[in-house]
Structure formats: structure tokens, C-alpha cells
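Work through the exercises below with the sequence and the 3D structure at hand. Each task is followed by a solution in steps.

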Amino acid sequence: MLSFIIRRLGQSLLVLLVTGLIAFSMFRFIGDPIDNMLGQERTIEDVERLRTQLGLDQPFPVQYYRFLENAVQGNFGVSYRQGRPVSEILLERAPATLELAAVSGLFALGLGIALGVFTAIRRNGIASNFIMSASLIGVSLPTFLIGILLIYLFGVQLRWLPTFGRGDVVDFGWWSTGFLTESGLKSLILPAITLGLYQMTLIMRLVRSEMLEVLRQDYIRFARARGLKDRVVNFRHALKNTLIPVITVMGLQIGGIIAFAIVTETVFNWPGVGLLFINAIQFVDIPVMAAYLMLISVMFVGINLIVDILYVFVDPRLRVDSAGGH
Amino acid sequence: MMSDQLLDIEDLSVTFPTRRGAFIAVRDATLSLSPGEIHGLVGESGAGKSTIGAAVMGLLEGAGHISGGTVHFRGDAISGRDRAAMQALRGKKISMIFQDPLTSLNPLFTVGAQLVETITEHLDLSEADARKRACDLLDRVGIPDPDTRIDQYPHQFSGGMRQRVVIALALCSEPDVIIADEPTTALDVSIQKQILDLIRSLVDEKQVGVILITHDMGVIAETTDTVTVMYMGEVVERGSTAKVLGRPEHEYTKSLIAAVPRPDRKVERFPQISYGGRETRFAIEELARDWPKTEAPDGPLVEARNLKKTFLARGGLLPSMRKYFTAVDDVSFDIRPGEVFGLVGESGSGKSTIARMIAGLYPLDGGEVIFDGKRVSGADAATLEDFRRQIQMIFQDPFSSLNPRHRVDAIVAEPALHLGVIPKNEVDDRVRDLLEKVGLGADAAVKYPHEFSGGQRQRISIARALATQPRFLICDEPTSALDVSIQAQILNILKDLQEFLGLTMLFISHDLPVVRQMCDRVGVLKDGRLVELQATEVLFADPQQSYTRELLRLMPKTDLLSTDGLQAV
Amino acid sequence: MADLSTSAPTKPGRKGRWARFADSDFFYSFKRSPVAVVSFTVTMLLVLSAVFAPLIAPTNPFDPASLNLMNGFTPPMEPNAFTQESFLMGTDDQGRDVFSTILYGMRISLFVGAAAVLFAMVLGIFLGLVSGYFGGWTETIIMRIADVQLTFPSILVAMLIFGIAKGFTPVEYRDQMAIWVLIIAIGLSDWVQFARVVRGTTLVEKNKDYVAAARLIGRSPWAIMIKHILPNALSPVLVIATISLALAIIAEATLSFLGVGAPPTQPSLGTLIRIGQGFLFSGEWWILFFPACTLLALALSVNLLGDWLRDALNPRLK
């Protein structure tokens with residue numbers, strides 16, 4: 001078990017090094033960093049000074065090492081477009097995205113699992129057939145269309161909910177939260193549904209198909225043959241086995257939520273890191289892109305590590321290091 | 001209705017609606033079961049025997065339903081009861097044991113948890129008492145150290161132990177009836193014997209009734225008191241085991257019994273009692289006419305020298321972290337021209353690995369293979385190509401040995417075409433000719449494998465193997481996936497190939513009676529080592545090694561079986 | 001159910017390919033499923049109208065000569081106040097016929113989607129076969145890359161690739177290259193699905209005895225992979241390709257909507273929605289509404305088809 005986690009940690013580190021390399025290469029090779037940082041009016045001395053200051057005269061591995069060293073300390077350089085340190089901008093924007101992702105993630109997971117189990121158990125019922133058909137529309141509706149639809153309906157026509165921004169926020173040190181004000185909470189509703197709906201349908205369909213697969217297994221038939229009640233068979237035996245493959249994919253879905261936050265933030269003008277990233281792409285603001293990539297990969301690697309550890313808790317076959325057996 | 005009967009099944013019919021009309025899986029089946037009786041339900045695949053078990057339990061799959069007849073349990077009708085009523089009966093009064101112990105237990109719960117939940121479901125016991133009872137049950141089914149093992153997970157048990165756990169689960173609430181659906185088919189013969197003995201002792205002790213569903217006549221002969229023979233959904237014969245097996249009346253029963261390979265005598269050919277149009281001609285004489293005569297070498301045709309094979313059991317980044325498992329350990333033997341050489345052993349003994357090493361499918365980790373005096377392991381391309389022209393192989397599973405996406409003509413032609421044995425323009429004719437001769441008809445050429453039954457597919461495999469006119473044929477459990485009557489046909493064909501074409505064969509099997517029918521000499525394998533090598537008749541008459549003696553002792557006895565129509569060699 | 005035909009198969013004689021297809025369980029379940037028939041019909045209708053857009057569209061929206069700014073913001077089915085011209089789905093701010101822009105936009109959406117899926121499919125099949133068949137280090141490296149990439153949502157990967165490519169292409173070529181960059185970005189973000197499925201099938205199939213039979217006669221690994229294993233992997237690949245097409249169309253629309261996809265000079269459905277969004281709140285709903293409906297119809301019908309295909313090709317799931 002320990003060796004499993006150590007191996008996973010090693011892999012995570014490797015992933016971070018590789019994404020770091022990609023981020024660094026972007027920074028180093030797309031355009032000339034010096035051109036991007038200095039304006040038209042510059043002297044040879046300025047260029048030389050900056051080149052030394054940025055370490056661009058060093059060999060590539062040294063530069064890469066410097067980059068990593070800086071990244072670990074949260075130093076990602078200065079945004080080409082805003083002229084401010086990237087880390088400062090990211091820190092300012094991060095709470096908005098994290099709060100949005102957390103709310104819609106909970107919404108997607110909770111509802112997705114519940115509906116998935118329901119439609120698997122009542123597989124031929126009217127309600128589950130309806131839910132399944134509706135979910136296909138959900139999968140086919142791009143996130144941005146859902147957002148526009150909700151804005152039009154609840155914002156423009158009904159005028160119930162705000163359609164852009166975070167509303168009023170309360171600051172705790174560097175963290176600003178929208179959870180504590182009415183307008184903050186109201187502003188959260190539409191973006192959270194927009195972001196969560198697509199992931200919810202995906203999770204629901206996945207849970208359903210995994211559960212149907214499990215329900216076909218011999219041990220489920222044998223559990224029924226032992227006279228166990230349907231409730232016990234479905235919720236004790238089948239559900240636990242369903243969760244194993246579902247856990248993996250949920251890790252990926254959480255990643256998906258963070259990625260699609262970019263779309264949602266654009267539609268709702270939500271001041272998070274996603275909006276920052278999309279603007280960075282449009283203006284080829286490489287330091288911001290690189291920093292965002294690093295930030296995201298740390299998060300994804302973290303999520304996957306948690307998923308792997310969860311795995312070990314659910315599946316006893318991973319807990320025992322191939323002891324016993326045949 | 002006799003009330004002393006545990007189970008009375010009368011005129012039971014089970015129907016599965018399908019696209020091409022209703023499929024009647026069981027038609028008007030009648031049988032009964034008394035306390036303390038083991039009732040065998042025997043038949044080949046598609047006979048409907050498992051369907052009866054599932055129907056009694058109320059566990060029919062999909063849209064299957066009881067379309068006629070009744071099932072009474074202790075005089076009360078249970079067929080047609082609703083879901084809840086059946087669920088109350090299942091496990092409490094009637095239990096079931098499935099074929100595969102690997103998949104019958106939920107991998108995520110300890111065996112104790114699964115036992116306790118079943119006990120508390122049916123009996124009014126506290127958690128602690130249920131656990132105590134669970135320990136007793138494990139002890140009863142012969143699991144050593146139950147207090148420790150109760151908290152282990154299924155994957156920590158071996159196959160035989162798992163099946164014991166499954167039986168313990170079936171015993172949780174002292175059921176009156178146990179339906180055992182092929183309970184030993186997935187197990188080795190030594191474990192099979194233990195499990196059958198366990199079932200017998202439970203029956204004697206607790207006076208439960210057992211319906212034992214199996215395809216294996218040996219199991220029937222050795223374990224059951226009464227037997228029902230089924231064919232294509234219908235009961236054809238029923239009675240005491242001694243009577244039905246010893247003096248069968250129905251033609252189908254006779255043909256079935258005649259096809260069973262006997263451990264105690266070698267037959268010239270299996271008698272072909274035709275039933276239900278299943279006999280198909282195999283034109284061996286015509287085949288023999290066109291067969292090339294090759295000069296037999298003076299020495300052995302195949303020599304295996306100190307074969308060794310290890311597999312990676314656990315990977316690791318550093319070589320020191322890896323663990324290896326020795327599948328074949330220093331095995332040597334010769335195969336003489338024209339003989340059938342058998343390798344026999346239980347699962348994991350390395351017999352199939354050896355076959356594949358000789359065929360060149362696995363690289364050797366040690367030793368060498370010599371064919372017709374030439375070393376083929378590590379040989380140059382030309383020698384290898386020459387070797388490949390002269391050997392062919394027939395595999396165990398007729399469903400996986402033919403590519404489902406290729407047409408039969410392409411399958412049969414591939415070896416001959418690739419090795420350039422037959423000119424391209426003659427291939428079509430040769431393929432059709434071969435298919436005709438193996439008894440499938442030339443029409444088979446344009447069909448796909450899924451259009452054929454298991455026995456017919458094995459004939460396609462034989463046609464493919466014969467297309468290159470090899471000298472050496474490796475048969476890796478060629479009949480263990482087949483029904484017994486089909487097995488008899490295929491074994492007869494293989495005997496013909498040896499006798500008329502002079503083919504040399506390596507015959508791999510786990511089934512000692514089959515080995516006795518087929519082989520001239522036999523090697524016995526245990527854990528990758530050759531423990532005994534003898535002429536077949538000598539080995540069966542006078543085994544030298546204790547392992548061989550044990551294997552022979554564990555074979556199901558078939559003394560009860562009628563010997564009508566058998567011609568001993 | 002175990003096979004019951006111990007005697008010769010019942011169907012005598014041979015039929016043509018089409019007759020056999022018409023008699024197959026696959027076609028039968030297609031006929032029996034109204035959802036499958038409708039979604040197939042709608043998909044074909046949309047694909048054909050996209051392919052033949054130049055023949056069907058009333059105007060060529062990208063021909064400046066045919067545009068009349070006076071026609072701007074004409075509501076659907078109503079004559080324009082100045083020119084008295086009437087348009088089925090109205091016009092946009094520049095007086096372009098929305099119906100025509102949709103047909104041309106769908107062309108781009110479908111082309112990008114199909115090309116991206118094709119690219120992902122070829123790459124995924126190749127890497128899946130190789131890693132599944134050879135195993136060892138080849139497999140470890142390919143599947144690790146796949147794992148890592150899978151951790152990053154495909155839309156993000158596509159954006160990143162788009163962003164990097166944008167950094168590399170000189171400004172004046174950016175619009176021209178955008179479509180191809182999109183195809184590669186979406187394709188590269190999507191190969192993992194194919195590779196995993198093909199690898200999975202390969203791992204199962206390579207241990208089957210028909211592969212052993214082919215190896216026995218000395219067939220090369222490539223012949224075995226392509227002639228023996230690949231045909232057995234095609235059904236799951238087909239299902240994934242269909243579902244991927246829907247996903248690729250949505251991904252393209254999303255990227256274009258965000259402004260990092262098809263440029264305004266070559267608008268796809270996503271670009272049209274991006275343009276239309278600006279007019280939604282000022283009352284010109286049709287500029288957004290019709291492209292959005294088309295996108296939904298396209299994605300939904302392809303999705304439905306893929307969903308049905310998965311069930312039909314995997315009878316176990318019924």
C-alpha cells in the first residue's frame with residue numbers, strides 16, 4: 001500500500017516536471033520574452049541587462065531549474081499585458097474560481113450519483129427513461145449555450161437573478177468570498193448550475209452504466225440467491241462496487257469543472273482565473289498562460305492523488321500487497 | 001401430491017421471448033427431490049438444465065418466465081409467487097451454489113461480512129451470535145483457522161477455498177434444498193473431489209436435498225443417488241443413478257454414455273450412436289490418398305531439452321524488486337515419429353506453456369527444442385520457416401481460435417498462403433476440398449465462424465491445421481470446451497489423423513480418461529516439473545510416483561456406466 | 001444462451017451483402033428504434049445540407065458583393081423596412097442572411113469536427129495497437145502520456161495547443177491557420193479515448209488463440225495487428241468515433257465561442273453564436289437563436305446515434 005502511494009507520488013512529481021517544462025518552453029520560445037517585456041524604446045544596455053536578469057544567457061537546463069525554483073516560490077514573472085506580477089493577479093482571482101468550482105462540483109456529484117443510481121435500479125421505469133433522455137440533451141448542450149439560456153430566462157425575462165459578476169464580496173485577508181452576502185450567493189446560482197449541469201449529466205450516465213454492469217455480476221446474482229433484500233443488494237453490494245470505477249472518473253470530472261469554468265466565467269463575466277486565462281490566450285500573454293498551466297496541473301495532480309488514496313480505502317484488493325491468495 | 005417430497009417439479013416449461021419467436025428452453029420437465037437425496041441433472045449445453053435451477057429460484061434472466069407447469073416446495077406451490085415471496089424463500093429454504101467461485105463473492109466485503117448479513121437476514125440472531133455461527137459454518141465446510149479467515153477478503157482465498165465459502169453461504173439458514181449449478185466445473189480434479197465429498201457429507205448429516213446440475217457423467221456416477229437426463233429442453237430419462245447409467249433405455253442416454261471416455265479401459269474408437277442428426281462424416285481415407293509420404297527419421301521427431309520458462313509475477317523498476325514465477329522447470333522429453341505423446345497435469349502445471357514453447361510462441365528462458373534433428377530455438381529465418389511448414393496446432397477454445405471477423409475460407413487458407421505451401425490459384429479449391437473432407441461441406445467457405453457450433457468450429461480448426469500438410473500436430477486441450485458427444489467425434493478424428501496420415505502429435509490435457517484414450521506415452525507434470533514419464537498403459541496400471549497415484553485415485557469412477565458398444569483395444 | 005445448433009446451420013444458400021445486412025440483428029434493432037431512425041435521418045439531413053451549402057443557401061454570406069447593409073437586423077419572415085426583402089431566419093447586423101451563414105457555418109463545424117475525430121482516431125488506433133500488442137516500455141510510455149493527458153480536460157488541452165500555435169504563427173497567417181490549428185488541437189486532445197479502447201481490445205484479443213495461430217505460422221506483428229486485431233476493435237471504435245464527433249463539434253463551438261477558434265472571416269456555428277450573443281439582449285434574438293438550435297440539433301442527433309450504436313453493438317447491455 002505504501003509503495004503504491006509512493007509510486008503515485010513519484011508519478012505526480014514527474015507530471016509536474018513535464019508540465020513545468022511545457023510551461024517554461026512556452027515562456028522561453030514563443031516570441032522573444034525581451035521583445036515582449038521592453039517597449040519600442042530600448043537600448044542595447046537595457047536588453048543585455050534584462051537578458052542577464054532573466055538568466056537568458058544561461059544554458060537551457062539551468063534556465064529550466066531557475067524557472068522551477070521561481071515557480072515553487074510562486075514567482076511566475078510579470079504579465080506582458082497588465083505589467084503586474086502574475087502571482088499577484090492569480091491570487092486575486094483564485095477565490096472566485098474556487099468557490100464557483102466547489103459549489104458546482106458538489107451539485108454535480110450529489111445529484112449525478114443520486115440520479116445515476118436511481119436510473120440504474122429503475123432501469124425501465126418511466127421516470128428514469130425520461131431522465132435518461134433529458135440527460136442526452138444535457139450532454140449535447142454546450143456549456144456556453146446553457147449559460148446564455150439561463151441568463152436570458154432568469155436574468156433578462158424573469159429578472160430574478162444577476163447575470164454577471166460576483167455581487168458583493170467579503171474579504172478575509174487575501175481571500176474574498178461571495179458566500180456571506182445575499183447578492184454574492186444570488187450571483188453564484190446561475191454560473192454554478194451552468195458549470196455543474198454538464199458534469200452532472202456525465203456523472204449520472206457513468207454511474208448508471210457502471211451500476212448496470214455491476215448488477216449483472218455473478219456475486220449480485222448470488223447475493224439475490226442468498227435471499228438478501230433488494231435494498232441490501234442494490235445499496236450495499238452493488239453501490240460499493242460501482243464506486244470504484246466512478247471514483248477515478250470523478251477525479252477527471254473535477255478537472256473538467258475547472259476547465260469549463262473558463263467557459264462559464266466568460267459567459268457570466270465572472271472575475272476568476274478562467275477569464276484571465278482566456279484573455280491571456282487572446283493576447284498571447286505567455287507568463288499568465290504558463291502560470292495558469294502550472295497552477296491547474298498542481299490542482300489536478302493533487303486531486304488525482306486524493307482519488308488514488310480513496311481507491312485504496314474502497315478496494316481491499318489494493319490494500320493487501322498480494323499476500324495470501326493463490 | 002406426496003408431502004414427503006422436498007421439491008416437486010411438474011411439467012415445467014420455461015420460455016424466453018426472442019426476436020425470432022419464443023424460445024422454449026425447458027419443455028414439460030418433471031422431477032422430484034426427497035430429503036437426503038442428491039439428484040443429478042445432466043445434459044449437454046443447451047439442454048436447459050441450468051434454466052430449471054434458475055426457474056426454481058425465481059432468478060430467470062431477462063424476459064424468461066415459467067410458461068407452464070408447477071414447482072411445489074414441501075407441498076406448497078412456489079411457481080408464480082411474487083418477488084417478495086420468492087425472496088423470503090431464497091436462501092432461507094432453498095439455496096444455490098454457482099459455478100465460478102471467483103465471481104460468486106463480492107470482492108469488496110470480507111467473507112465474514114457476507115456470511116453475517118446472510119445469517120441475520122434469515123435468522124433472528126444478534127451480530128455477535130451471527131458471527132459465531134459464521135465461524136462455525138466456515139469450520140464445518142473445512143476452512144482451517146476460521147477465526148482469522150473470517151475477516152479476510154475473497155481474493156485472499158484459493159479457488160477451492162472460495163467454493164467452500166460459497167457453500168457456507170448457502171448453508172447459513174439451514175436450507176432444505178440446495179441447487180448446485182456446476183459447482184466443480186471451474187476447479188481442478190483434486191479440489192473437485194473434496195467439494196463433492198463435502199456436499200455428500202452435508203446431505204447425509206443434515207438430510208438436505210441437493211439438485212446437482214452438471215455436464216459431467218463422472219460426477220453424476222460418483223455423487224448422485226438419482227438422475228434426470230435432459231436433451232434440448234426435454235427430460236429424456238429419469239431414475240436411480242445406477243439404473244440410468246447402467247441400463248439406459250433412451251437412445252440419447254445411450255449415446256451420451258457411450259461417448260464418455262473411461263479411465264479404466266482404452267477404446268479403439270468411440271462408438272458413434274447417432275442421435276438428433278449429430279453425426280458428421282470425416283473423409284479420412286480420401287485425405288490419406290493425397291497426403292505426402294515423408295521419410296520418418298530414425299531418432300525422435302521432436303526433442304525437448306531442459307526447457308525452462310519464467311514469468312514475471314510482480315514488476316518493479318529495479319531488477320531486484322521483480323519477482324518471477326517458474327512455470328516450466330527443466331523439462332525434457334522426446335516425441336517419436338508417428339506417436340501421440342501426452343502431457344497431463346492440473347491447472348498451473350505448465351503443460352500449455354510447454355506446448356507453446358515447442359510451437360515457438362513463447363521464447364525459451366532455457367533449454368532447446370530440436371525438430372527433425374535441427375535445433376529450432378534461436379534458429380535462422382529459413383530453418384524457422386521450414387519448421388513452421390511442418391507443425392500446426394489445434395487450440396482449446398473453438399470460440400477464440402477462429403478470428404470472428406474473418407470468413408472461413410480466409411481462416412483455412414491463411415497458413416497455407418502465408419507459408420507458400422499451395423499456389424495462390426489453387427487455394428480456393430483446396431480450401432473447399434478440405435472443408436468437404438472434414439465434414440462441413442464446401443458451403444462453409446463463405447460463412448463466418450459465429451454461424452457454427454463448437455464442434456463444427458473445431459473441425460474448421462482441423463481443416464486449417466491440415467491445409468499445410470504438417471508432420472507434427474500440437475493439440476492443446478482440443479476437446480475440453482466441447483460437449484461429451486462432440487468430444488468423442490473430435491477424438492475419433494484425431495485418432496484417424498494419427499493412424500491414416502501418420503501424424504505425430506503432442507496432446508495436452510487435464511483429463512486423464514481422455515489421455516488414456518489418445519496417447520501412446522504420457523508425461524505427468526506438477527508445478528512445472530515432469531514427475532513421471534511412461535507408456536500410457538503402464539502408467540495407468542502401475543503408477544510409480546505418489547502424485548500420479550493421487551491423480552488417478554481422484555478421477556471420478558465410471559464403473560456404473562454401461563459399456564455397451566465399447567470395443568476395448 | 002448456449003448455442004443450440006449442433007446440426008448444420010439452418011440458413012441455406014448465400015445472400016448478398018445488402019440482404020445479409022438487412023437481415024442482421026443490427027439492422028433489425030435499428031428499424032425497431034424510432035430514436036435511431038430519427039437521429040440518423042436528422043444527422044444525414046444536416047450533413048447533406050452542410051455539404052451542399054453552396055447549392056442550397058440563398059446567398060453567399062461571404063461574398064461582399066451580395067451584401068446589403070440596408071438589410072441589417074431584418075427579423076425572420078418579415079419584409080425589411082427599407083428593401084422589402086424577406087429572409088427565412090432574418091439577417092444579422094451586416095445584413096447577412098442567417099440561414100445562409102448557418103449552412104456555411106455548419107460546414108466549418110462539421111469539417112473541423114470530422115477531421116479532428118479522424119485525426120484522433122488514426123493516432124489513437126495506432127498508439128493503442130502498438131502499446132497493447134508490444135507492451136513493455138512502449139506501453140508504459142504511451143499510456144503514461146495518455147494518463148497525464150486525460151488528467152487535463154480535453155477542452156483545456158485544445159485551448160493550450162491553440163494558444164501555443166497562436167504564439168508561433170505570425171499575425172498575418174493566424175486567421176488562415178486557425179481552422180487547421182483547431183483540428184489538430186481538438187484531435188490531439190481526443191486521441192486518448194481511442195488509444196485506451198483499442199489497447200483494451202488488443203490486450204484481450206492478442207491472448208486469443210487465433211492470434212496464436214497466426215503467430216504460429218510466422219506472421220509479422222504488423223500483419224497481426226492490422227489484419228487480425230484491428231477488425232475486432234472496430235465496433236467500439238465506431239461508437240467512440242460517433243460520440244467523439246458530437247464532442248468535437250461542441251468543443252469547436254466552445255472554442256470559437258470563446259474567441260479562440262474559427263475566426264470571424266470563417267465563422268463556424270460557435271462563432272455565429274458568439275456574434276449573436278451580443279444582440280440577444282437588444283431584442284435581435286434570431287441571430288443567436290437559429291445557430292444555437294442548429295448546433296443543438298447536430299450535437300443531439302449525433303449523440304443519440306452514438307448512444308444507440310453503443311447499445312446495439314454491445315447486446316450484453318440490453
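Two strands count as paired if DSSP finds at least two bridges between them. The model used here is a predicted one.

**Exercise 1. In what order do the six strands of the open sheet with mixed pairing in chain B lie, and which strands are at its edges?**

Step 1. Strands of a sheet pair through backbone hydrogen bonds, either parallel or antiparallel.

Step 2. Following the pairs across the sheet in chain B gives the order β16-β17-β18-β13-β19-β20. The edge strands of chain B are β16 (391–394) and β20 (529–535), each of which pairs on one side only.

Step 3. On average, neighbouring strands in this sheet are turned by 15° against each other, with direction ignored.

Step 4. Take one pair in detail: β19 (residues 521–526) of chain B and β20(B) are antiparallel and share six bridges. Within β20(B), B:Glu532 stands opposite B:Val524.

Step 5. Now add the helix α13 (residues 351–358) of chain B, which packs on the sheet and touches β13 (340–344), β17 (472–476), β18 (504–509) and β19 of that chain. The direction of α13(B) makes about 150° with that of β18(B).

**Exercise 2. Describe the four-stranded open sheet of chain B.**

Step 1. The strand order in chain B is β2-β1-β4-β5, and the pairing is antiparallel.

Step 2. At the edges lie β2 (21–33) and β5 (76–77) of chain B, each pairing on one side only.

Step 3. Strands β1 (residues 7–18) and β4 (residues 65–73) of chain B are joined by seven bridges. B:Leu7 has B:Phe73 in β4(B) as its bridge partner.

**Exercise 3. Is helix α10 of chain A straight or bent?**

Step 1. Helix α10 (residues 230–268) of chain A has 39 residues, and a straight helix of this kind would reach 57 Å at 1.5 Å a residue.

Step 2. The end C-alpha atoms of α10(A) are only 45 Å apart, short of that value.

Step 3. Look for a bend: α10(A) turns by about 40° at A:Leu239.

Step 4. Just after α10(A) comes A:Asn269, with a positive phi of about 50°.

**Exercise 4. How do α5 and α9 of chain A pack against α10(A)?**

Step 1. Two packed helices are described by the angle between their axes and the distance between the axes.

Step 2. For α5 (residues 86–121) of chain A and α10(A), the angle is about 145° and the axes are 10 Å apart. The crossing is right-handed.

Step 3. Among the residues in this contact are A:Leu100, A:Ser104 and A:Ala108 of α5(A), and A:Met250, A:Ile254 and A:Ile257 of α10(A). By class, the contact of α5(A) with α10(A) has 12 nonpolar, five polar and no charged residues.

Step 4. For α9 (residues 218–225) of chain A, the axis comes within 11 Å of that of α10(A), and the two cross at roughly 145°. α9(A) also passes α10(A) in a right-handed crossing.

Step 5. Here A:Tyr219, A:Ile220, A:Ala223 and A:Arg224 of α9(A) meet A:Val233, A:His237 and A:Ala238 of α10(A). This contact has five nonpolar, one polar and one charged residues.

**Exercise 5. Which helix of chain C gives the largest share of the side that touches chain A?**

Step 1. Count the contact: 35 residues of chain C are in contact with 33 residues of chain A.

Step 2. List the helices of chain C that each supply at least two residues to its side: α6 (136–151), α7 (154–168), α11 (221–257), α12 (269–280) and α13 (286–313).

Step 3. The largest share, 10 residues, comes from α7(C).

Step 4. Sorted by class, the side of chain C that touches chain A has 26 nonpolar, seven polar and two charged residues.

Methods: Residues are numbered from 1 along each chain as its sequence is written. Chains are lettered from A and ligands numbered from 1 in the order in which they are written. This is a predicted model: local features need pLDDT of at least 70, side-chain atom pairs count only at pLDDT 80 or more; totals for chains, interfaces and linings use all residues. The expected span of a helix is 1.5 Å times one less than its number of residues. The bend at a residue is the angle between axes fitted to the seven residues ending there and the seven starting there. Axes are lines fitted to C-alpha atoms, for helices over the stretch in contact, and angles run from 0 to 180 degrees between N-to-C directions. A crossing is left-handed if the near helix is turned anticlockwise from the far one by less than a right angle, and right-handed if clockwise. Two residues are in contact if their C-beta atoms, placed from the backbone, lie within 7 Å. Ala, Val, Leu, Ile, Met, Phe, Trp, Tyr, Cys and Pro count as nonpolar, Asp, Glu, Lys and Arg as charged, and the others, Gly among them, as polar.
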